[in-house]
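Q: Could we go through this structure together, one feature at a time?

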Amino acid sequence: MKVEFFPCLIEEVWGLDLAIHDERATVQDLIEAIQPWCDDNQIYKAYLAEKQGPCRGCPINCCRECFVLPDAISFGWLHESLGVTPTEFIKRYFDQELLSKGLPRLRSSPCIFLKEGLCTVYPHRTLICRLYICTPMTDEAQTMVYGVVAAGIGEFIRLAEEQGLLNIQGANVAWSGYEKMMLELIRFEADRADNPFRGARDYQSIPLRSFCSEADWQVLTQKKITSK
Ligand code: SF4
Ligand code: SF4
């Protein structure tokens, strides 16, 4: 196991911390490490009525109230698997009102791909879908997860703008809260010349080492696993 999430007490509830056991760990390893926690029934899950339990059968289901922006890799997989061009995909599946204001978000509430409680594009779903879980995380774990997600979305935006599919540079809307923070982060990643997603075709070719400072990397690779 190259990457491991493990339970950690955060403000008196059990959330997740992150340890990296192998310097060669990739984004795919991060995805595989978080997924078993969806079935866990001990860590705290903010949107469950009981606050603990598996995601399966969750009445809230984050897919219903999602904030999903595709990353560079899932965007390619999604439009190819649906047999539509990138232009057609954006027209059919993006929220057109938000897009006109500069936010390239999938149609939501519920997510356009949720049918009878199930994701119809599961093998091709976005990084946010793969890495989101409504539990608290330590700062290092959160920084890694947010960094990976923002870089993937940023590279999608850069590519889409380069190909003339999107033009969100000039948007001038007074966003607040989560949208504002997310947009600033992904704009930074879209403009970053050394974005680790640049040129990547899958998640296993992107090293996690590229997403944090030397100091954070030392913390993550030397982390001692504590058991609950
Ligand atoms: S991560 Fe999503 S599906 Fe799982 S408990 Fe939280 S809201 Fe429900
Ligand atoms: S793409 Fe699938 S996993 Fe992601 S929010 Fe939509 S239905 Fe849920």
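A: Let us start with a ligand: ligand 2 is surrounded by C63, C66, V68, C111, F113, L114, C119, V121, R125, T126 and C129, where a residue is near a molecule if its C-beta atom, placed from the backbone, lies within 6 Å of it. This is a predicted model, in which local features need pLDDT of at least 70, side-chain atom pairs count only at pLDDT 80 or more, and totals for chains, interfaces and linings use all residues. Residues are numbered from 1 along each chain as its sequence is written, while chains are lettered from A and ligands numbered from 1 in the order in which they are written.

Q: How does the shell around ligand 2 divide by class?

A: The shell around ligand 2 holds 9 nonpolar residues, 1 polar and 1 charged, with Ala, Val, Leu, Ile, Met, Phe, Trp, Tyr, Cys and Pro counted as nonpolar, Asp, Glu, Lys and Arg as charged, and the others, Gly among them, as polar.

Q: Which residues surround ligand 1?

A: Around ligand 1 are C38, K45, Y47, L48, C55, C58, I60, N61, C62, I133 and C134, and this shell has 9 nonpolar, 1 polar and 1 charged residues.

Q: How do strands β1 and β2 run?

A: Two strands pair if DSSP finds at least two bridges between them, strands being DSSP runs (E, at least two residues) numbered from the N terminus. Here β1 (residues 3-10) and β2 (residues 13-20) run antiparallel and are joined by 8 bridges; F5, for instance, has L18 in β2 as its bridge partner. The two strands form a hairpin with 2 residues between them, and E11 in the turn has a positive phi of about 45°.

Key: Helices (H or I, at least four residues) and strands (E, at least two) are DSSP runs, numbered from the N terminus.
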